[in-house]
Amino acid sequence: MVETMQELTDIEKAYIAGIVDGEGYIGILKGKLVDPRKICPYTLKVSVTNTDLKLIYFLKERLGVGSITKVPANYRFSRRPWYQYVVQANNALKLLSMVRPYMIIKNIQAGIAIEFQEKRWGRHGRGIKRPEEETIFLEDCLQRLKRERI
């Protein structure tokens with residue numbers, strides 16, 4: 001089943017921007033290079049973690065994309081279970097592009113993430129080497145995003 005991101009009102013965009021600003025994570029995941037014949041994957045990830053399942057379901061329902069994970073109580077000393085809503089790659093790009101005008105705290109992070117996803121050269125399969133300039137660009141975005149985190 002192909003998921004399609006829903007259209008949002010300006011009020012919903014501003015509300016979701018506030019949620020991502022306060023409870024969210026914007027990052028670039030760098031995979032581990034296990035097989036030297038393959039390339040190291042980079043993936044844009046936006047997530048929101050909260051103990052309120054209603055909030056997490058609201059995001060999934062309103063956006064129409066993403067996944068939800070439950071983390072049990074006692075994980076990392078939490079007394080209550082918590083939930084995580086995650087969107088990646090192009091869905092993360094669409095989300096950030098919609099809500100960035102309303103973001104305050106993570107506005108610069110959102111800009112770096114959007115630049116990262118928009119300028120990716122594309123997929124590289126087994127035996128196809130990533131151009132060196134693309135690797136430099138991806139690493140630069142990763143490092144800039146890390147520096148912007150509070």
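The following exercises, each with a worked solution, concern a predicted model of a protein chain.

**Exercise 1. Confidence and overall layout**

Task: Determine how many helices and strands the protein chain has, and which element has the lowest mean pLDDT.

Solution:
- Step 1. Begin with confidence. The chain averages a pLDDT of 87, and 84% of the residues score at least 70.
- Step 2. Turn to the elements. Helix H5 (residues 132-148) has the lowest mean pLDDT, 91, whereas helix H1 (residues 10-23) has the highest, 97.
- Step 3. Count the elements. The secondary structure consists of 5 helices and 4 strands, and their pattern along the sequence is α-β-β-α-β-β-α-α-α.
- Step 4. Consider burial and surface. Of the 150 residues, 41% count as buried. The chain exposes about 9,300 Å², of which carbon and sulfur atoms supply 54%.
- Step 5. Consider contacts. Among those between residues at least 6 apart in sequence, 66% join residues at least 24 apart.

**Exercise 2. The two sides of helix H2**

Task: Identify the buried residues of helix H2 (residues 53-63) and explain why they lie on the same side.

Solution:
- Step 1. List the buried residues of H2: they are Leu 55, Ile 56, Leu 59 and Leu 63.
- Step 2. Examine their directions. These residues cover an arc of only 100 degrees around the axis, and therefore they lie on the same side of H2.
- Step 3. Recall the geometry of such helices. An α-helix has 3.6 residues a turn, so residues three or four places apart point the same way.
- Step 4. Look at the other side of H2, where Lys 54 and Glu 61 are exposed.
- Step 5. Find the cover. The buried residues of H2 are covered by elements including H1, strand S2 (42-50), strand S3 (67-71), strand S4 (82-88) and helix H3 (89-99).
- Step 6. Inspect the ends. At the N-terminal end, Asp 52 caps H2, with a side-chain oxygen 2.9 Å from the backbone nitrogen of Lys 54. Just after H2, Gly 64 takes a positive phi of about 80 degrees.

**Exercise 3. An aromatic pair**

Task: Find the aromatic pair in the structure and state whether Tyr 15 and Phe 58 are stacked or edge-to-face.

Solution:
- Step 1. Count the pairs: the structure holds 1 aromatic pair.
- Step 2. Describe its geometry. The ring centres of Tyr 15 and Phe 58 are 5.5 Å apart, with 80 degrees between the planes. Because planes over 60 degrees apart count as edge-to-face, the pair is edge-to-face.
- Step 3. Locate the partners. Tyr 15 belongs to helix H1 and Phe 58 to helix H2, 43 residues apart, and the pair thus links distant parts of the chain.
- Step 4. Check accessibility. Tyr 15 counts as partly exposed at 46% relative accessibility, and Phe 58 is also partly exposed, at 25%.

**Exercise 4. Two residues and their distant partners**

Task: For Ile 112, decide whether the residue is buried or exposed, and state which residues Ile 112 touches. Then examine Gly 18.

Solution:
- Step 1. Place Ile 112 in helix H4 (residues 107-118).
- Step 2. Apply the cut-off. Buried means under 20% relative accessible area; Ile 112 has 7% and is therefore buried.
- Step 3. List the contacts. Leaving out residues up to four places away in sequence, Ile 112 touches Cys 141, Arg 144, Leu 145 and Glu 148.
- Step 4. Compare sequence and space. Ile 112 and Cys 141 are 29 residues apart along the chain, while their C-alpha atoms are separated by 6.4 Å.
- Step 5. Proceed to Gly 18, which lies in helix H1 and is partly exposed, with a relative accessible area of 41%. From Gly 18 to Ile 104 the C-alpha distance is 8.1 Å, although 86 residues separate them in sequence.

Technical notes: Residues are numbered from 1 along each chain as its sequence is written. Side-chain values use heavy atoms; hydrogens and water are left out. pLDDT is the predictor's confidence in each residue, from 0 to 100. Helices (H or I, at least four residues) and strands (E, at least two) are DSSP runs, numbered from the N terminus. Buried means under 20% relative accessible area, exposed over 50%, partly exposed in between (1.4 Å probe, protein chains only). The arc is that of the directions from the helix axis to the C-beta atoms. Contact means heavy atoms within 4.5 Å. A polar contact is a pair of N or O atoms within 3.5 Å; within protein, one must be able to donate a hydrogen and the other to accept it, and residues adjacent in sequence count only if both atoms are side-chain atoms. Rings of Phe, Tyr and Trp (its six-membered ring) pair if their centres lie within 6.5 Å; planes under 30 degrees apart count as stacked, over 60 as edge-to-face and the rest as tilted. Accessible areas come from the Shrake-Rupley method with a 1.4 Å probe; for residues, only the protein chains shown count as cover.
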